[in-house]
Amino acid sequence: MSDDFSSVKGATPDGLPPLRDVIDRYELRAKKSLGQNFLLDLNITRRIARACGDMRGRTIVEVGPGPGGLTRALLIEGAERVIAVERDERCRPALAEIADRYPGKLNVHFGDALDADWSALLAGVTGPVTIAANLPYGVASVLLAGWLGTEPWPPWFDGMVLMFQREVADRIVAEPNTKAYGRLSVLSQWRTEPRIIMNLPAEAFTPPPKVTSAVVAFKPRRAPAPACSVNALSRVTQAAFGQRRKMLRASLKQLTPMPELLLNEAGLTPTDRAEDLTVSDFAALAAIIDRSGVQKTKT
Ligand code: SAM
């Protein structure tokens with residue numbers, strides 16, 4: 001196939017060497033400890049890139065470009081600029097080749113994305129920003145929680161297109177009264193509209209991971225409702241889902257000595273359990289906690 005980064009002989013659309021060549025030449029053997037499962041199929045990476053929306057003037061923040069498969073697809077699809085954070089120094093020469101091919105369009109910072117100061121990395125950037133990544137699964141949920149917890153809100157990005165293991169994607173979009181519904185569902189759905197846009201079998205990756213994967217597109221809500229603080233929402237969901245089999249009048253004792261008062265004020269039934277509550281119910285509880293000044297704890 002010529003329209004494929006993995007093809008050894010075929011021409012690539014960006015004129016750069018096929019990804020398999022790049023991986024061989026720089027000996028980028030995948031490291032499990034860094035969650036390295038590479039995407040070599042341009043049909044897949046281009047579909048992910050296209051989910052970022054209109055690329056004109058758009059900056060993409062990418063975590064973990066690795067040998068650069070998704071990065072190249074983003075640039076082929078017309079991204080104005082890609083700002084990437086990668087932990088693996090071995091990827092430096094492969095990414096430098098891409099930067100040379102697209103002068104001024106690719107900046108790679110080597111370091112841990114968990115320590116990244118996103119606003120500093122984006123200094124001077126104008127125009128819309130999307131976060132796009134085939135995330136390393138070990139840190140995917142922590143990175144997502146950080147982006148969802150961004151203050152102030154609306155955030156510095158106008159969308160996120162992220163690959164997760166399927167089980168995490170299912171939790172993000174889960175509805176009440178399902179097993180997958182939990183803290184990640186509530187925070188994701190309160191602040192954004194998340195949607196699974198693609199499912200991928202393990203064989204789509206090199207090497208294949210043990211699990212299936214899914215791409216989730218998140219559209220930030222401008223004004224999440226009801227309005228509450230992330231801190232209070234985090235505390236109330238932690239208390240409720242931390243003991244998800246218990247009735248709320250018991251599980252919320254962690255937060256307040258008289259949970260019934262809190263639940264009554266929100267118009268909720270004290271005998272309900274965490275998974276019976278909607279995202280709005282949780283935000284309403286959090287708003288009351290904010291108003292009543294139930295003591296703040298670190299989340
Ligand atoms: N984007 C490439 C692709 O789609 O083929 C690689 C994706 S691979 C699943 C995850 C990438 O994240 C790897 O390149 C890995 O080195 C990098 N990575 C792992 N942990 C990281 C961290 N904490 N910060 C930044 N990059 C990280």
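Trainee: Hi! Which residues of α3 are buried?
Mentor: G69, L70, T71, R72, A73, L74 and L75; buried is under 20% relative accessible area, with a 1.4 Å probe and protein chains only. Bear in mind that this is a predicted model, where local features need pLDDT of at least 70 and side-chain atom pairs 80 or more, while totals for chains, interfaces and linings use all residues. Numbering runs from 1 along each chain as its sequence is written, and side-chain values use heavy atoms, without hydrogens or water.

Trainee: So how is helix α3 placed in the structure?
Mentor: It covers residues 69-76, and seven of its eight residues are buried, so the rest of the structure largely encloses it. Helices here are DSSP H or I runs of at least four residues, and strands are E runs of at least two, numbered from the N terminus.

Trainee: And what follows α3?
Mentor: G78, which has a positive phi, near 105°.

Trainee: Switching to the ligand: which residues come nearest?
Mentor: Q36, L39, G64, E86 and D112, out of 20 around the ligand, each with a heavy atom within 4 Å.

Trainee: Which elements give two or more residues to that shell?
Mentor: β1 (38-39) and β3 (81-86).

Trainee: What does the side chain of D112 do there?
Mentor: One of its polar atoms lies 2.8 Å from a ligand nitrogen. In the side chain of N134, an N or O atom is 2.9 Å from a ligand oxygen. P65 brings a polar backbone atom, 3.4 Å from a ligand nitrogen. The cut-off for such N or O pairs is within 3.5 Å.

How values were computed. Buried means under 20% relative accessible area, exposed over 50%, partly exposed in between (1.4 Å probe, protein chains only). A polar contact is a pair of N or O atoms within 3.5 Å; within protein, one must be able to donate a hydrogen and the other to accept it, and residues adjacent in sequence count only if both atoms are side-chain atoms.
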